[in-house]
Amino acid sequence: MVERLYITYNDVHKLCQQAAEHILAEFKPHLMIAIGGGGYVPARILRSFLKKPGSPNIPIQAIGLSLYEQLNEADPEEIPGTKVTRTQWLDFSAVKQSDLVGKNILIVDEVDDTRTTLQYAVQELAKDVKEAAKRMGREEEETKFYIFVLHNKDKPKKGVLPKNIISGQQYYAAKTTGDVWCCYPWEATDIDEHDRLAAENKQKLADASSH
Ligand code: 5GP
């Protein structure tokens, strides 16, 4: 069975707090784009820590993406492919084209697993930015993307991110884990039991490091 890592609301809060310091040192976001549903809560917490006194809050836009396994019926032996579908996208009646062009955009999700979702998000958002820049005649302006996730699983990735994101350090994972299943508090049906399991996780880690 896949190992489970239980994460509490306090853990998420503290990971966002610590990540905000790191992000602000490297990147000044003008807009956050949360990938739903896992990116919504971290994005909202992060916004509190990114806010500078006297400056307005950084706006948060939401996109919804779902990952579907695509089985090839003609050849069931073939390894299933993966397809991302949009359940929600930027609302262009709320987001002005000028909000995208030449701006620093922070993409927020809860976990980078196979990276398929993040690859799709960056690719599609970059297309929208390019089209907006063309329409506005501002193609020379650079829009930068930065990715924040709570957890990155250290495993071979199917998705690929542009070199400038990975090598230019426009990527930050608050924690790197093995190939575990991350259990987030907003998915819990019994939050007290969830917190108990999280405490048990922490105790095991403390015991292991003291031996
Ligand atoms: P990807 O494989 O594209 O990196 O991740 C796709 C999505 O699968 C994530 O945004 C997340 O919703 C879900 N997912 C992947 N791994 C985990 C995990 O360990 N825990 C939870 N709760 N969701 C996960």
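A polar contact here is a pair of N or O atoms within 3.5 Å. The legends below use this cut-off for the ligand contacts. The model is predicted.

**View 1. The ligand makes polar contacts with Cys-182, Asp-109 and Thr-116.**
A polar backbone atom of Cys-182 lies 2.7 Å from a nitrogen atom of the ligand. This pair counts as a polar contact because the two atoms are within 3.5 Å. The protein buries 85% of the 500 Å² that the ligand exposes when taken alone. Asp-109 contributes a polar side-chain atom, 3.3 Å from an oxygen atom of the ligand. At Thr-116 the partner is a backbone N or O atom, and the distance to a ligand oxygen atom is 3.4 Å.

**View 2. A shell of 16 residues surrounds the ligand.**
The closest residues are Thr-114, Thr-117, Lys-153, Cys-182 and Glu-187. Three elements, β5, α3 and β8, each supply at least two residues of this shell. Which element gives the largest share of the shell? That is β5, with four residues. By class, the shell holds six nonpolar, three polar and seven charged residues.

**View 3. The second largest pocket holds the ligand.**
This pocket has about 420 Å³ of space. Its lining counts 23 residues. Nearest the centre of the pocket are Asp-109, Glu-110, Val-111, Asp-113 and Thr-117. Two or more lining residues come from each of β2 (31-36), β3 (60-70), β5 (104-112), α3 (116-136) and β8 (181-183). β5 gives the most to this lining, with four residues. The lining of the second largest pocket divides into nine nonpolar, seven polar and seven charged residues.

**View 4. The largest pocket is lined by 20 residues.**
Leu-5, Tyr-6, Asn-201, Lys-202 and Leu-205 lie nearest the centre of this pocket. The elements with two or more residues in the lining are β1 (4-6), α1 (9-26), β7 (171-177) and α5 (191-210). Which element gives the most? The answer is α5, with seven residues. The space in the largest pocket is about 500 Å³. Its lining has ten nonpolar, three polar and seven charged residues.

**View 5. A cis peptide bond joins Gly-36 and Gly-37.**
Omega at this bond is about -5 degrees. Gly-37 lies in the loop between β2 and α2 (40-50). As a rule, most peptide bonds are trans. The strand β2 (31-36) also gives two or more residues to the lining of the second largest pocket.

**View 6. Arg-115 has a positive phi.**
The angle is about 80 degrees, although Arg-115 is not a glycine. Most residues other than glycine have a negative phi. Where does Arg-115 sit? Its place is in the loop between β5 and α3. Both β5 and α3 supply at least two residues of the shell around the ligand. Both also give two or more residues to the lining of the second largest pocket.

Conventions. Residues numbered from 1 in each chain as written. Predicted model: local features only at pLDDT ≥ 70, side-chain atom pairs only at ≥ 80, totals over all residues. Heavy atoms only, no water. 1 Å grid on protein atoms, 1.4 Å probe; cavity = no way out; pocket = protein on both sides within 12 Å on 5 of 7 lines; lining within 4 Å. Points joined across faces, edges and corners; volume = space filled by probe spheres on them. Nonpolar A, V, L, I, M, F, W, Y, C, P; charged D, E, K, R; others polar. Near = heavy atom within 4 Å. Polar contact = N/O pair within 3.5 Å; in protein donor to acceptor, adjacent residues only side chain to side chain. Areas by Shrake-Rupley, 256 points an atom, 1.4 Å probe, with all protein chains shown as cover. Sits in = over half its atoms within 2 Å of the grid points.
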